[in-house]
Amino acid sequence: MDTVRIPVGGMKCVVCSNAVEEALKGIDGVEEATVNLGNNTVTVRFDSDAVDLESMESIIKELGFQPAWAKLRFTVEGMECAACVNGLEKSLLSREGVRSATANLATSNLTVEFDEGLLDEGRIVSLVEKAGFKVTSAEMEDIYAKEMEGQKRLILIAAVLGIPVFILSMLFGMTSVTLGLETWMQNVLLFILTTPVQLYCGRQFYTGTLAAIRARRANMDTLIAMGTTSAYVYSTAVTFLPGFFVHTHVYFESSAMIILLILIGKYLEMFARHGTSEALRRLMDLQPRTATVLRDGREALVSVDELELGDLVLVRPGGQIPADGVVTEGSSSVDESMVTGESIPVTKMAGDEMIGGTINQNGTVKMTVSRLGKDTVLSQIVRMVEDAQSSKAPIQRIADTVSAYFVPIVIILALTSFVFWYAIGFDAYGSDMGRFPLALTVFITVLVISCPCALGLATPTAIMVGTGKGAEYGILIRNGSSLERAGKVDIIAFDKTGTLTSGRPVVTDIISYQDDDILSIAAAGERSSEHPIAAAVLQRHREEFGTEPREPEGFLAEPGKGLTFRLSGRNFTLGSMRMMEGRPGAERAAADMSRLASSGRTPIALADDDSVLGVIAVADPIKEGAVEALAELRSMGVETVMITGDRREAAEAIAAELGITRVLAEVLPGDKADAVKGLADEGVVAMVGDGINDAPALAMADVGIAMGSGTDVAIETADIVLIRDDVRDVAAAMQMSRRTLTKIHQNLFFAFIYNVTCIPLAAGILYPSTGILLPPMAAAAAMALSNVSVVGNALLLKRYVPGVKRSS
């Protein structure tokens with residue numbers, strides 16, 4: 001049995017604690033649950049094979065409480081490969097009070113969720129350092145600059161000394177050139193040149209290895225240190241103790257060139273990894289620095305940090321909006337492309353919301369500050385992208401599992417290869433190198449060619465670029481799990497109103513049977529109504545006449561039927577067919593209303609005391625781009641479903657216009673979640689809605705997509721948040737997720753195939769049949785290039801444009 005203490009927020013009394021305890025005890029696998037109201041925690045004893053922590057937390061959430069884990073993100077120095085990531089995470093997860101620990105090799109970030117009652121920031125930092133790593137307060141940009149500058153210096157020194165070692169070794173070993181030096185003096189010269197490369201340029205491999213040993217693990221540094229040290233120590237022994245060896249050939253060039261090539265590879269990898277976070281850096285660079293505030297009638301230039309809620313800010317043409325706010329005076333066009341992905345400038349007038357970081361183009365406006373600091377849209381977007389880039393996709397577990405055993409297995413394979421070639425292989429297949437040099441060469445090559453880094457970089461680099469690229473289009477993906485699920489979606493269910501349609505009904509048809517201006521008469525009657533149909537009729541009247549309708553002399557609403565009113569001495573009736581029965585023209589009106597209703601419109605009829613005067617139809621228009629987006633999704637093999645509360649006849653008419661063949665009609669708002677649940681047996685389901693009214697349905701889906709969030713991007717129930725109110729962004733999000741998932745698969749395939757193929761080659765599998773033996777320097781070059789290839793492949797996502805974006 002395992003025990004976990006879960007901090008729970010919202011428990012205020014014994015009733016609350018009893019509810020939590022009883023609910024948890026009702027889960028199969030939970031033996032005991034005890035709430036402590038003093039520190040707001042529940043301690044659970046459970047069988048980890050039968051139930052997991054996430055399931056218990058879900059039950060707590062269903063009761064209306066929230067697991068109250070604290071969360072911190074650190075920048076960590078010293079993570080070199082997948083084995084480092086795995087070791088750090090395991091070290092933290094073994095400590096009581098740590099719920100989750102997610103290390104990201106691509107960003108050098110560590111995110112920890114923990115119980116503040118048991119741990120604090122200082123204790124976590126101590127645990128990280130005990131595991132052999134260093135927590136730094138420096139910005140990632142500064143760390144990259146410092147590391148790359150340091151690597152460049154080391155590469156220069158290694159090249160200045162190592163390349164001559166390589167050239168001299170070739171000359172001494174393969175030609176008659178001696179430079180007038182005896183063999184032992186040649187070896188001493190090579191020793192003098194190689195030693196600074198081995199001990200100074202390669203010291204990072206030793207420090208990394210020592211840190212790993214202290215934490216009782218092994219990593220990439222261990223492999224490089226063992227391989228180069230073996231070559232260096234053997235060659236040094238041959239140089240100064242030649243009498244103990246039959247063969248006096250030295251391998252200083254292998255030691256020096258391996259270190260040089262690995263350093264070059266690490267530099268290229270860091271350079272490429274830096275490119276994966278470019279989108280996030282661009283977002284962070286949008287943060288405004290100063291603002292022009294109007295105080296006591298005077299302008300004052302202040303730092304954005306000095307702004308206060310309610311401040312009146314002046315923004316001139318070409319200026320940057322300093323914070324989120326509401327326009328109080330003036331109008332302008334604002335370029336919001338850097339935040340929302342919308343390339344067309346947005347017109348802003350009094351009452352409209354402004355997003356901090358966007359650019360005011362051609363008008364001077366005054367705005368009142370409504371959000372500051374971490375609450376601004378831009379800060380929330382940056383935070384979401386950071387969270388996504390620091391998270392892990394479930395597919396990463398494959399690499400994590402392999403990396404946990406990778407380095408020890410490689411060391412065992414290298415030692416086994418050494419023993420084989422020394423004891424058996426040399427006698428069986430022969431070699432001009434000599435018994436020990438042959439076995440040593442194979443041993444070094446196996447160690448150096450093995451690459452745990454590619455496994456660790458395969459997934460996070462693709463997620464970094466993919467989520468960053470999505471943010472450029474106004475597509476915010478919450479985390480790696482959301483991205484992976486989105487890449488596997490089979491069915492997308494759309495809420496109709498406000499998602500596929502505009503949510504603002506408009507007048508589509510006006511059919512007059514006599515000479516009366518039925519629009520003006522109907523508008524006068526609807527003037528006192530708050531029904532959506534009334535709003536549509538009034539808007540159409542304003543558009544056609546530019547004035548408000550006349551005031552009716554009397555008004556009486558009949559719920560569910562319509563209304564009656566008096567205008568200019570005449571009595572009028574406006575409403576459903578039931579109110580028209582028995583009047584002349586009713587049959588004609590009934591036929592027109594039936595025809596309009598079958599095409600998805602909502603008709604109303606107008607009559608006076610004598611006859612039916614005509615019919616007006618209202619409809620919720622389909623959004624621009626919706627038909628195109630749905631066609632794009634179907635071309636991807638995704639089934640599209642529409643969920644609506646409309647009558648089936650009207651719903652199917654709208655669905656036909658959209659090209660949707662599957663409609664769930666007459667679904668009450670509270671039943672949408674059940675409708676989504678019913679689709680779950682058919683595949684991975686995504687639900688698209690507004691994120692507020694559709695929150696339960698979004699939460700029920702495998703992938704919840706909140707569309708048209710605008711300035712509200714912190715929607716907890718959404719896995720993907722679309723800032724723009726454009727259905728085409730749904731297709732773009734699916735395409736972006738699929739392409740990112742494809743890159744992850746490619747990277748993992750390459751990382752696995754590289755190691756599975758190259759390690760046997762390094763072990764000499766081709767030597768018996770072809771006489772080909774991979775030299776250690778070639779192994780070092782291959783290992784360095786494998787890392788760069790994985791990161792480079794992920795960077796190709798930066799050039800990707802979703803298909804729906806290319807055609808729109």
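**Exercise 1.** Where is the place of Glu666?

*Solution.* This model is predicted. Look for the loop between strand E27 (662-664) and helix H23 (672-679); Glu666 is there. Next, check the backbone. Phi of Glu666 is positive, about 55°, although Glu666 is not a glycine. Last, check the surface. Exposed means over 50% relative accessible area. Glu666 has 54%, so it is exposed.

**Exercise 2.** Place Asp296 and decide whether it is buried or exposed.

*Solution.* Start with the loop between strand E9 (290-295) and strand E10 (298-303), where Asp296 lies. Its phi is near 55°, a positive value in a residue other than glycine. The relative accessible area of Asp296 is 80%, so Asp296 is exposed.

**Exercise 3.** Classify the aromatic pairs that Phe418 forms with Tyr422 and with Phe443.

*Solution.* The whole structure holds 15 aromatic pairs. Take Phe418 and Tyr422: their centres are 6.0 Å apart, with 10° between the planes. Planes under 30 degrees apart count as stacked, and this pair is stacked. Both residues sit in helix H13 (residues 396-429), four residues apart, about one turn of the helix.

Now take Phe418 and Phe443. Their ring centres are 6.1 Å apart and the planes stand at 75°, so this pair is edge-to-face. Phe418 is in helix H13 and Phe443 in helix H14 (residues 435-449), so the pair ties together parts 25 residues apart in sequence.

**Exercise 4.** Describe the surroundings of Tyr422.

*Solution.* Tyr422 belongs to one aromatic cluster with Tyr234, Tyr251, Phe418, Phe436 and Phe443. Arg435 lies over the face of Tyr422, 5.8 Å from the ring centre. Tyr422 is partly exposed, at 37% relative accessible area. Phe443 is buried, at 8%.

Methods: Residues numbered from 1 in each chain as written. Predicted model: local features only at pLDDT ≥ 70, side-chain atom pairs only at ≥ 80, totals over all residues. Heavy atoms only, no water. Helix = DSSP H or I, 4+ residues; strand = E, 2+ residues; numbered from the N terminus. Buried < 20%, exposed > 50% of the residue type's maximum accessible area, 1.4 Å probe, protein only. Phe/Tyr/Trp six-rings, centres within 6.5 Å; stacked < 30°, edge-to-face > 60°. Lys NZ or Arg CZ within 6 Å of the ring centre and 35° of its normal.
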